Amino acid sequence: MKSNLKKLLQSVIASSMATLASTYGAKAMPSYQFADDLSDSSTDEYGQASKDTNVKMLLHLNSDDTYTLAAHRSHSSHRSHSSHRSHSSHRSGSSHYSHYSSTTYSNTSNSTISPANYTLGSRTLSLNSYGADVKALVDLLVKHKYMEPNSASTNYSGYVIFDIKVRNAIQIFQKDAGIVQDGIAGTSTIAKLQTWVPKTFNLGDRLLKKGMQGADVTQLKNILIDKELLNKPFVKGEINFDITIEQALKRFQDSIGIEASGVVDTQTLYFLKK
């Protein structure tokens with residue numbers, strides 16, 4: 001196999017197997033080997049005899065930017081390996097298909113469904129998943145303030161990736177929702193996220209810092225206004241902890257002789273409420 005073709009196929013199968021494993025579990029993964037064609041060989045890529053009856057997955061790159069994923073069961077009944085070296089020259093379709101079962105896929109997906117057509121909830125999402133459903137998941141995480149806007153990563157094809165940031169956000173959400181914190185977006189997690197009503201936080205319920213939003217941020221700002229560190233008017237509802245609030249909080253922390261971290265921790269809260 002030529003090195004550039006092998007590298008391309010390795011990239012394709014790595015992506016495909018990762019998504020298959022996340023969807024169906026590692027035990028569902030077949031063994032596989034690479035080949036320039038779907039030739040019938042009694043040895044694998046590394047020259048080791050394949051005398052057992054294990055199913056192996058072979059990939060063949062087609063000229064139309066698709067690849068064929070074929071299941072091949074090795075056995076001793078093959079009489080001539082040369083007769084299988086070319087699909088176009090093979091005349092006996094019945095004997096050929098007794099050894100191969102193949103399906104053609106797009107290089108951008110592990111199935112006939114394009115990543116652009118995945119809908120949220122149609123599959124389990126985990127680390128390294130990508131597609132339209134991952135983007136929809138990230139949009140919900142941003143909506144509910146578990147991720148910052150425009151913080152998602154994309155792959156070379158432009159699809160949003162389920163990376164470490166997404167997994168961490170999912171785990172934080174799962175903790176708030178009272179479900180298993182496995183960092184995987186399965187049916188239960190997605191359903192809860194789609195119907196999530198954010199908890200109302202009061203000042204002191206959580207560590208508070210820039211970028212967060214809620215009623216507790218509103219309470220913080222009003223205290224800082226009352227202490228004449230910010231200008232009126234007083235505010236209502238849920239607001240964002242912006243740089244203006246952070247700078248005012250740092251001035252307050254500095255004025256009472258504690259670390260000017262710009263974060264409302266237990267110590268800062270004590271002095272804010274005095």
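## Close-up views of a predicted protein chain

**Figure 1. Welcome to the whole chain.** Of the 274 residues in the protein chain, 39% are buried. Please keep in mind that this is a predicted model. The chain holds 8 helices and 6 strands, and from the N terminus on their order is α-β-β-β-α-β-α-α-α-β-α-β-α-α. If we take the contacts between residues at least 6 apart in sequence, 48% of them join residues at least 24 apart.

**Figure 2. Where is confidence lowest, and where is it highest?** Helix 2 (residues 93–97) has the lowest confidence in the protein chain, with a mean pLDDT of 40, while helix 7 (residues 243–255) has the highest, at 97. Averaged over the protein chain, the pLDDT is 75, and 59% of the residues reach at least 70.

**Figure 3. Two stretches to read with the confidence values in hand.** Residues 31–53 keep a pLDDT under 50; for them the model has 62 contacts beyond four places in sequence. The pLDDT is also below 50 over residues 74–111, a stretch with 75 contacts in the model beyond near neighbours in sequence.

**Figure 4. Helix 4 meets helix 5.** Here the axes of helix 4 (residues 164–177) and helix 5 (residues 187–194) come within 11 Å and cross at roughly 75°. Because of this crossing angle, helix 4 is roughly perpendicular to helix 5. Which residues make the contact? Helix 4 brings Ile 170, Phe 173, Gln 174 and Ala 177, and helix 5 brings Thr 189, Lys 192 and Leu 193. Sorted by class, the contact of helix 4 with helix 5 has 4 nonpolar, 2 polar and 1 charged residues.

**Figure 5. A look into the largest nonpolar core.** This core has 21 residues. Those with the most contacts inside it are Leu 125, Leu 137, Leu 141, Phe 162, Val 166, Ile 170 and Ala 185. Helix 3 (132–143), helix 4 and helix 5 are the elements that give two or more residues to this core. Apart from this core lies another, of 17 residues, including Leu 203, Ile 245, Val 264 and Leu 272.

**Figure 6. The surroundings of Phe 162.** What is Phe 162 in contact with, leaving aside its neighbours within four places in sequence? Its partners include Leu 125, Leu 137, Ile 170 and Ala 185, which are also listed with Phe 162 among the residues with the most contacts inside the largest nonpolar core. Phe 162 is in contact with Ser 126, Leu 127, Asn 128 and Ser 129 as well, and with Val 134, Arg 167 and Gly 183.

How values were computed: Residues numbered from 1 in each chain as written. Predicted model: local features only at pLDDT ≥ 70, side-chain atom pairs only at ≥ 80, totals over all residues. Heavy atoms only, no water. Axes fitted to C-alpha atoms, helices over the stretch in contact; angles between N-to-C directions. Helix = DSSP H or I, 4+ residues; strand = E, 2+ residues; numbered from the N terminus. Parallel < 35°, antiparallel > 145°, perpendicular 65-115°, else oblique. Contact = heavy atoms within 4.5 Å. Nonpolar A, V, L, I, M, F, W, Y, C, P; charged D, E, K, R; others polar. Core = buried A, V, L, I, M, F, W, Y, C linked by side-chain atoms within 4.5 Å. Buried < 20%, exposed > 50% of the residue type's maximum accessible area, 1.4 Å probe, protein only. pLDDT = per-residue confidence, 0-100.
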